[in-house]
Amino acid sequence: MPETAQSAPVCVAGVDGCKAGWIAVFRWVGSDQPSEVKIFPHFAELLVSEFKPQKIAVDMPIGLPEQIGSVGRGPEKAVRPLLGMRQSTVFSIPARAAIYCEDYREACSAALAHSTPPKKVSKQAFHIFPKIREIDQLMTPELEELVFEVHPEVAFWRLNGQEPIAIPKKVKGSSFPAGLDARRDLLVQYDYTASFLDQKPPKGAARDDLMDAAVNAVIAERLWIGQAEPFPADFRRDERGLRMAIWA
């Protein structure tokens, strides 16, 4: 654990993409200061926010291969077996060339050209490409000390005794209250109040976005105190030198 974590409160942040941009939950390690939630239109604004987070855990792929093999990107392959029925929440991420296509058909063509065996892009994955690009354009190997890739369902798996939460948080694309309540009930064991988690989310974010940012912030705290681990453990780097790993 860094020495400062024992002597002064340290801010960490969990982040999730949302309609308005990015929703961030800030929490303070070693302090009773209540958590706060904020919306940032652009990820770069979060990096220089007033709270100065020391670790940022974001639900977005970081590190994009130039070529995708039969098993896909390493992090997705590593975490899917952990999640059982929740593994469908882990999207297949194509090569960088496809990520930078703004037309779906062009993205599929690029994905086919940069995968073995050839594989197209799912519509779900395509919809998050703008946010993947936003982070990819900012990331450097030096920034990896601050920004880490996470996945909310892997985070809940970690906090739930390494068991996936049985109830989905979404059904047919819509929030499922019972699943969100189950995740809230788990998170209150990690220094959140139920009222914080049940608050009306900021404009441009949904309840599941807030819940995901909150669990990601717990992983950010685990990163700060040295308890998080990468999946896969023997992670690789992309051609730009960026780490490809989901942390939990």
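Which residues form one aromatic cluster? In this predicted model, the cluster is made up of Phe26, Trp28, Phe40 and Phe51. A search of the whole structure for aromatic pairs finds 10. One of them joins Trp28 and Phe51, whose rings meet edge-to-face, with 5.3 Å from centre to centre and 90° between the planes. Trp28 belongs to strand E2 (residues 21–29), while Phe51 sits in the loop between helix H2 (43–47) and strand E4 (55–58), so this pair ties together parts that lie 23 residues apart in sequence. Are these two partners buried or exposed? Trp28 has a relative accessibility of 11% and counts as buried because the cut-off is under 20%. Phe51, at 15%, is buried as well.

Aromatic rings also meet charged side chains in this model, and two examples can be followed here. In one of them, the charged end of Arg27 is placed over the ring of Tyr192, 4.8 Å from the ring centre. In the other, Arg183 lies over the face of Phe156, at 5.6 Å from the centre of the ring.

Arg183 is worth a longer look. This residue is found in helix H9 (residues 177–187), and its relative accessible area of 0% makes it buried. Along the chain, Arg183 and Phe156 are 27 residues apart, yet 7.5 Å separates their C-alpha atoms. What else is Arg183 in contact with, leaving aside its neighbours within four places in sequence? Besides Phe156, the list holds Arg86, Glu153, Ile165, Ile167, Pro168, Lys169 and Met211.

Attention now turns to the pockets. The largest pocket has a volume of about 1,100 Å³. Its lining consists of 35 residues, and Thr89, Phe91, Gln124, Ile128 and Lys170 are the ones nearest the centre. Strand E1 (10–18) and the helices H6 (123–127), H7 (129–138), H8 (152–159) and H11 (207–225) are the elements that each give two or more residues to this lining. Sorted by class, the lining of the largest pocket holds 14 nonpolar, 14 charged and 7 polar residues.

The second largest pocket has a volume of about 350 Å³. Gly72, Arg73, Gly74, Arg236 and Met244 are the closest to its centre among the 19 residues that line it. Two or more lining residues come from helix H3 (74–83) and likewise from strand E8 (230–237). Strand E8 gives the largest share, with 5 residues. By class, the lining of the second largest pocket has 8 charged, 7 nonpolar and 4 polar residues.

Conventions. Residues are numbered from 1 along each chain as its sequence is written. This is a predicted model: local features need pLDDT of at least 70, side-chain atom pairs count only at pLDDT 80 or more; totals for chains, interfaces and linings use all residues. Side-chain values use heavy atoms; hydrogens and water are left out. Helices (H or I, at least four residues) and strands (E, at least two) are DSSP runs, numbered from the N terminus. Buried means under 20% relative accessible area, exposed over 50%, partly exposed in between (1.4 Å probe, protein chains only). Contact means heavy atoms within 4.5 Å. Rings of Phe, Tyr and Trp (its six-membered ring) pair if their centres lie within 6.5 Å; planes under 30 degrees apart count as stacked, over 60 as edge-to-face and the rest as tilted. A charge sits over a ring if NZ of Lys or CZ of Arg is within 6 Å of the ring centre and within 35 degrees of the ring normal. On a 1 Å grid over the protein atoms alone, a cavity is a set of points where a 1.4 Å probe fits but cannot get out, and a pocket is an open set with protein on both sides within 12 Å along at least five of seven lines; lining residues have an atom within 4 Å of a point. Grid points are joined across faces, edges and corners, and a volume is the space filled by probe spheres set on the points. Ala, Val, Leu, Ile, Met, Phe, Trp, Tyr, Cys and Pro count as nonpolar, Asp, Glu, Lys and Arg as charged, and the others, Gly among them, as polar.
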